[in-house]
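Work through these exercises with the model open beside you. Try each task before you read its solution.

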Amino acid sequence: MKTDDARLEQVAVKREQYPEPDVYEFAFAGRSNVGKSSFINAMLGRKNLARTSSSPGKTRTINFYRVSDLRLVDLPGYGYAKVSKTERNSWAGVINTYLENRENLLEVLLLVDIRHEPSELDKAMYDYLIANGHSGLVIATKADKISRGQYQNHIAKIQKKLGIKNRDNIIPFSSVDKKMVDEMWDIFEDIVGF
Ligand code: GDP
């Protein structure tokens with residue numbers, strides 16, 4: 001995928017703020033600090049297009065990144081403990097409104113940290129995605145933080161917790177070494193049918 005033209009096209013909270021549904025979208029869900037911004041930056045070949053932050057819970061908006069004839073959509077990270085219940089509910093509303101109403105949404109991928117067992121919120125999100133006809137692709141982030149020899153062990157734990165049928169649906173990814181970027185784009189292009 002040529003990513004020279006990648007840009008932040010729109011930042012939205014409400015439905016009226018979404019860009020026109022004129023190109024397919026891939027959206028990314030996951031708890032805050034899981035590495036979503038870093039994943040998007042790696043995929044778009046940029047250092048700082050998507051905000052990365054060491055203070056989790058900051059990204060409260062839906063960020064639409066345009067690349068060629070597609071959009072990558074960064075959903076607000078969930079599960080950040082240090083916010084009020086009201087605020088948590090309002091984020092859940094922002095995420096659900098997008099997932100339930102976006103006609104050009106092609107696929108939603110769940111990001112989990114390869115080192116940790118997914119949380120109950122991750123499980124709920126995964127179940128929701130499967131129930132809504134998504135393929136259940138999971139990106140296991142921060143793969144550089146464990147050795148290759150440990151991959152299968154960690155992937156097995158993610159598979160068990162989320163109840164994933166096919167282990168191949170869990171893709172280890174590192175935004176540091178960026179080894180999987182081309183393969184990830186191949187997966188997206190297959191889904192679009194380019
Ligand atoms: P977000 O809240 O999900 O958007 O997470 P960020 O992309 O801001 O990442 C959270 C923290 O994890 C930052 O300090 C990143 O530098 C770090 N991080 C993200 N992805 C990776 C990765 O693949 N490898 C390593 N080692 N660190 C990562």
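The exercises below move from the whole chain to single elements, and the model they use is predicted.

**Exercise 1. Overall build**

Task: Find how many helices and strands the protein has, and give their order.

Solution:
- Step 1. Count the elements. There are five helices and seven strands.
- Step 2. Read from the N terminus. The order is β-β-α-β-β-α-β-α-β-α-β-α.

**Exercise 2. Compactness**

Task: Compare the radius of gyration of the protein with that of a compact globule.

Solution:
- Step 1. Start from the length. For 194 residues, a compact globule would have a radius of gyration near 16 Å.
- Step 2. Take the value for the protein. It is 16 Å, which agrees with the globule.
- Step 3. Add the box. Along the principal axes, the C-alpha atoms fill roughly 45 × 40 × 35 Å.
- Step 4. Look at burial. Of the 194 residues, 47% are buried.
- Step 5. Look at contacts. Take those with a separation of 6 or more; 74% of them join residues 24 or more positions apart.
- Step 6. Turn to the surface. The accessible surface is about 9800 Å², and carbon and sulfur atoms hold 46% of it.

**Exercise 3. Strand β5**

Task: Decide whether β5 is largely enclosed or open, and find the strands that pair with it.

Solution:
- Step 1. Check burial. Eight of the nine residues of β5 are buried, so the rest of the structure largely encloses this strand.
- Step 2. Take β2, residues 24-30. It pairs with β5 in the parallel sense, over six bridges. Here Glu-25 stands opposite Leu-105 of β5.
- Step 3. Take β6. It also runs parallel to β5, and four bridges join the two. Here Val-112 stands opposite Ala-140 of β6.

**Exercise 4. Helix α4**

Task: Explain why the buried residues of α4 can be said to line one face.

Solution:
- Step 1. Locate the helix. α4 covers residues 151-162, which makes 12 residues.
- Step 2. Check its span. From first C-alpha to last it reaches 16 Å, close to the 16 Å expected.
- Step 3. List the buried residues. They are Tyr-151, His-154, Ile-155, Ile-158, Gln-159 and Leu-162.
- Step 4. Look down the axis. The buried residues of α4 fall within an arc of 140°, so they line one face of the helix.
- Step 5. Find the cover. It includes β5, α3 (120-131), β6 (138-141) and β7 (170-172).
- Step 6. Look past the end. Gly-163 follows α4, with a positive phi near 70°.

**Exercise 5. Helix α5 and Trp-185**

Task: Decide whether Trp-185 is buried or exposed, and list its contacts beyond four places in sequence.

Solution:
- Step 1. Place the residue. Trp-185 lies in α5, residues 181-192.
- Step 2. Apply the cut-off. Buried means under 20% relative accessible area. Trp-185 has 3% relative accessibility, so it counts as buried.
- Step 3. List the contacts. Beyond four places in sequence, Trp-185 touches Met-1, Thr-3, Met-43, Leu-44, Val-67, Leu-70 and Leu-72.
- Step 4. Pick Leu-44. It is 141 residues from Trp-185 in sequence, and their C-alpha atoms are 10.0 Å apart.
- Step 5. Return to the helix. Buried in α5 are Val-181, Met-184, Trp-185, Phe-188, Glu-189 and Val-192. Seen down the axis of α5, they fall within an arc of 135°, so they line one face.
- Step 6. Look past the end. Gly-193 follows α5, with a positive phi near 85°.

Definitions and conventions. Residues numbered from 1 in each chain as written. Predicted model: local features only at pLDDT ≥ 70, side-chain atom pairs only at ≥ 80, totals over all residues. Heavy atoms only, no water. Expected span 1.5 Å × (residues − 1). Buried < 20%, exposed > 50% of the residue type's maximum accessible area, 1.4 Å probe, protein only. Arc of directions from axis to C-beta. Contact = heavy atoms within 4.5 Å. Rg over C-alpha atoms; globule rule 2.2 N^0.38 Å. Areas by Shrake-Rupley, 256 points an atom, 1.4 Å probe, with all protein chains shown as cover. Pairing = 2+ DSSP bridges.
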